[in-house]
Amino acid sequence: ILDPQTNQVKITTSGLTPEFSVAEGGTIYVKAATFVQNYSDHNGTGIMFPIVLNALGVINYAGNLNQTILPSRQYGVLRIGGTGTKTLAAPSGAETTIASNLYVDAAILDLDINSLNRLAATGGTMNVANGAKLMLKESNFPKYFTTVDLGSSSTVEYYGAAQDVTNVVKGYGNLTLSGSGIKTMPAPALM
């Protein structure tokens, strides 16, 4: 476990690409507002995302503040914790994926208009814990997770314009429909 709190870990280079890896069962915490504010190159400006990230290696955005999730990457296991809103702010067309599991343990995960899908078409778990919240501005509920568990007091909010609400086999804890436009419910709608 590597927990820098809100400090910056600078990974030095000497002309070679540094080896920064997260092994199976390993966890790195992001508690600063952005990934680069916790993990950077020796100048403190370049992003040092793990070169080797095991499919079961964990990156946990667990700060007690609003955070921006580093986009355009493949996460092994992505955990959301702490407090505040964790926003995936990706450039248009960028793809952010998960190799294994997505856990929203606490706080708010706001995907905005971006997708955060599992890389493979089967396997993995997505869990939104009791008291946690998932926000979607498009019809972008995370896809390809074999198991989707939404806690009985969790919330999923579709807050954009016209959106299709995803059919979740085990049902939603709390479902909030806001924003403008028509929200189209699946058939059959499970709540």
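Contact here means heavy atoms within 4.5 Å. With that cut-off, and leaving aside neighbours within four places in sequence, asparagine 60 touches Thr27, Ile28, Tyr29 and Val30, along with Arg79, Ile80 and Gly81. The model is a predicted one, and asparagine 60 is found in its strand β6, which covers residues 58-61. With a relative accessible area of 9%, asparagine 60 falls under the 20% cut-off and so counts as buried.

Next comes the sheet. Six strands make up an open sheet, and reading across it gives the order β7-β9-β11-β14-β16-β18, with parallel pairing. The edges are taken by β7 (67-69) and β18 (174-177), each of which pairs on one side only. On average, neighbouring strands of this sheet are turned by 20° against each other, direction ignored. As general background, strands of a sheet pair through backbone hydrogen bonds, in either a parallel or an antiparallel way. At the β7 edge, the partner is β9 (residues 85-88), and the two run parallel over three bridges. Threonine 68 stands opposite another threonine there, number 87 in β9.

On to the aromatics. Searching the whole structure turns up six aromatic pairs. In one of them, phenylalanine 141 and tyrosine 172 have ring centres 6.3 Å apart and planes at 75°, so the pair is edge-to-face; the cut-off for that label is over 60 degrees. This pair ties together distant parts of the chain, with the two positions 31 residues apart in sequence. Phenylalanine 141 belongs to the loop between β14 (133-136) and β15 (147-150), while tyrosine 172 belongs to the loop between β17 (163-164) and β18. Both partners are out of the solvent's way by the accessibility criterion: phenylalanine 141 is buried at a relative accessible area of 4%, and tyrosine 172 is buried too, at 7%.

There is also an aromatic cluster, formed by Phe20, Phe35, Tyr39, Phe49, Tyr61 and Tyr75. One of its members, phenylalanine 49, has a charged residue over its face: arginine 73 lies there, at 5.6 Å from the ring centre. A similar arrangement involves arginine 79, whose charged end sits over the ring of tyrosine 103, 4.2 Å from its centre. Arginine 79 has already come up above, as one of the residues in contact with asparagine 60.

Notes: Residues are numbered from 1 along each chain as its sequence is written. This is a predicted model: local features need pLDDT of at least 70, side-chain atom pairs count only at pLDDT 80 or more; totals for chains, interfaces and linings use all residues. Side-chain values use heavy atoms; hydrogens and water are left out. Two strands pair if DSSP finds at least two bridges between them. Helices (H or I, at least four residues) and strands (E, at least two) are DSSP runs, numbered from the N terminus. Axes are lines fitted to C-alpha atoms, for helices over the stretch in contact, and angles run from 0 to 180 degrees between N-to-C directions. Buried means under 20% relative accessible area, exposed over 50%, partly exposed in between (1.4 Å probe, protein chains only). Rings of Phe, Tyr and Trp (its six-membered ring) pair if their centres lie within 6.5 Å; planes under 30 degrees apart count as stacked, over 60 as edge-to-face and the rest as tilted. A charge sits over a ring if NZ of Lys or CZ of Arg is within 6 Å of the ring centre and within 35 degrees of the ring normal.
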